[in-house]
Amino acid sequence: MREDMTVTADRQDYLEAVLATLPECIAIVDRNLKLIDMNQAGLAKIGVARLEDLPEGAPLTLISRPYQRIYREAFKKLLSGNGGEISEPFRVELNGVNGTIHLMECRLAALSDEDGTINAAVITSRDVSEWQSALDSAERSNAILESTLATVPDAMVVINERGLIKSFNIAAEDLFGYQESEMLDKNVSMLMPSPHRDAHDGYLERYLRTGEKQIIGIGRTVEAQKKDGTIFPIRLEVGEAKTADHCLFTGFIVDLTKQKTTEAELQALQEDLMHASRLSAVGSLASALAHEVNQPLTAIANYLSAARDLLDQGADANKALLYEALQESVSESLRAGTIVRRLREFVAKGEINRQILSIAQMVEDAMTLGLVGAYDKGIECKTNIDPDTNHVFADRVQIQQVMVNLMRNAIEAMVDSPVKQLGISVQSAPNNRVEIAISDTGSGIDPEMADQLFQPFATTKGGGMGLGLSICRTIVEAHEGKIYAEPNPKGGTIFRIFLLKAAEEQFNVE
């Protein structure tokens with residue numbers, strides 16, 4: 001009998017030692033909710049060292065009032081036997097005597113007498129405050145993220161590595177006409193017209209296999225398709241996010257429909273302005289052009305009059321002279337025709353037509369109009385066109401407009417100059433470019449105008465609008481070129497135009 005009592009005492013000491021070292025809070029409460037015992041972890045959580053230091057009515061009085069009903073109902077259910085011998089977990093807010101507050105997740109286990117009557121319960125609880133706080137924070141962050149994504153002004157579509165849509169924000173719904181519920185787990189190729197729709201999965205598979213980026217992080221202007229079948233231009237920016245197991249792609253989409261319409265309208269206005277500028281240039285050249293055309297017409301009349309007189313004297317006797325007079329008439333008529341043809345092409349309003357053109361030939365054609373009347377004003381013109389200047393991909397009329405404008409400006413600048421030298425040169429330049437230089441020995445650039453020379457409405461001419469050089473810059477930059485002015489060491493100004501030579505593959509276009 002004494003030996004059995006020793007074993008029981010040893011077991012009791014063992015259990016008490018285990019309870020004392022468990023990190024969970026363990027308490028024994030009788031059916032009247034009166035505390036019988038509590039382990040050291042539980043006392044430490046409350047903020048006391050001994051059971052005797054607990055406040056009156058503990059543990060109930062340590063539970064926040066809104067949670068006391070939960071605690072009572074769980075205990076009542078356990079005592080009735082309706083909830084089994086171990087309760088479902090429930091949470092209460094525990095107030096420590098030192099002012100700390102802990103969210104505790106609790107379970108009740110019934111303690112029964114020999115006759116099965118439940119007279120007490122073991123309460124096992126653990127602090128879940130930090131876990132709940134982290135969960136709340138994550139939920140708040142997720143809510144903030146979802147709210148932010150919902151209000152992003154650009155359409156946003158998230159897909160997985162199989163091209164299936166995982167997120168479709170409100171802006172995307174408005175843009176494409178689909179609801180997110182219609183699009184989740186559908187292939188993103190639904191938003192593309194053919195042939196891109198059929199090829200998209202192949203693009204995605206190639207990237208996942210090779211890692212070669214064609215659009216990710218770069219952005220591109222492409223076409224998209226709405227639910228109603230409308231095809232429209234978009235700017236697509238794609239970002240990538242990788243996890244241990246998955247790869248997600250986020251596409252940010254901007255509708256370019258209005259932008260493209262505006263660009264087309266601006267292009268039309270720009271073309272009108274360029275055309276008006278050419279007409280204005282021809283208007284200022286009218287007198288000189290009339291004189292230029294009149295010269296070959298007068299010569300033709302003279303040659304034909306001479307031929308008539310020679311016929312009166314006998315055709316056979318004057319055959320050689322007749323042939324010469326008629327040949328000169330043909331030459332002068334061709335000269336007049338060339339001037340008229342160049343003039344008609346220059347003032348005609350047509351579509352922009354960029355072609356592979358010889359820059360040297362283009363300069364020579366521009367000189368037909370640009371130098372009209374120059375020699376009558378005592379201007380000496382020197383040209384130097386290198387034979388290796390090659391070709392450019394350009395609109396012939398537009399580039400000629402630039403050169404005619406610069407030539408006419410140079411002629412005007414030299415009206416009162418003692419030295420009147422106009423230089424036109426064409427040569428190859430570094431970086432696969434061609435340089436056209438037009439120089440004069442005129443009055444030079446007003447220092448106050450140097451910084452705004454190519455700005456619209458900047459002019460020193462009394463009757464000028466200041467659009468000529470601005471249009472020149474617009475044309476040159478549209479051809480991926482540059483234009484600038486610099487002082488001429490001989491006095492006056494040099495305008496330099498740099499155009500890209502035609503790419504080799506453009507020569508192979510059929």
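User: Which residue in S5 does isoleucine 28 stand opposite?

Analyst: In this predicted model, strand S1 covers residues 25–30 and is joined to strand S5, residues 118–127, by six bridges. The two strands run antiparallel. Within S5, the residue opposite isoleucine 28 is valine 122.

User: Which residue in S2 does valine 29 stand opposite?

Analyst: S1 also pairs with strand S2, residues 35–38, over three bridges in the antiparallel sense. S1 and S2 form a hairpin with four residues between them. In S2, the residue opposite valine 29 is leucine 35.

User: What is the phi of leucine 33 in the turn between S1 and S2?

Analyst: Leucine 33 belongs to the turn of the hairpin that S1 and S2 form. Its phi is positive, at about 65°.

User: Why is strand S1 described as largely enclosed by the rest of the structure?

Analyst: Buried here means a relative accessible area under 20%. S1 has six residues, and it counts as largely enclosed because the number of them that are buried is five.

User: Which helix or strand gives the most residues to the largest nonpolar core?

Analyst: The largest nonpolar core holds 39 residues, of which Ile359, Met403 and Leu422 touch the most other members. Elements that each supply at least two residues include helix H11, strand S14, helix H13 and helix H12, residues 396–413. With eight residues, the element that gives the most to this core is H12.

User: How many residues does the second, separate core have?

Analyst: This separate core includes Cys25, Leu60, Phe90 and Ile123. Its total is 26 residues.

User: How many of the twelve residues of H11 are buried?

Analyst: H11 reaches 16 Å from its first C-alpha to its last, close to the 16 Å expected at 1.5 Å a residue. Among its buried residues are Ile359, Met362, Asp365 and Gly370. The helix is mostly covered, and its buried residues number nine.

User: Is leucine 469 buried or exposed?

Analyst: Leucine 469 lies in helix H13, residues 468–478. Its relative accessible area is 13%, and the cut-off for a buried residue is under 20%. Leucine 469 is therefore buried.

User: How far apart in space are leucine 469 and leucine 453, C-alpha to C-alpha?

Analyst: Leaving aside neighbours within four places in sequence, leucine 469 is in contact with residues including Asn405, Leu406, Phe495 and Leu453. Leucine 469 and leucine 453 are 16 residues apart in sequence. Their C-alpha to C-alpha distance is 7.2 Å.

Technical notes. Residues are numbered from 1 along each chain as its sequence is written. This is a predicted model: local features need pLDDT of at least 70, side-chain atom pairs count only at pLDDT 80 or more; totals for chains, interfaces and linings use all residues. Side-chain values use heavy atoms; hydrogens and water are left out. Buried means under 20% relative accessible area, exposed over 50%, partly exposed in between (1.4 Å probe, protein chains only). Contact means heavy atoms within 4.5 Å. A nonpolar core is a set of buried Ala, Val, Leu, Ile, Met, Phe, Trp, Tyr and Cys residues joined through side-chain atoms within 4.5 Å. The expected span of a helix is 1.5 Å times one less than its number of residues. Two strands pair if DSSP finds at least two bridges between them.
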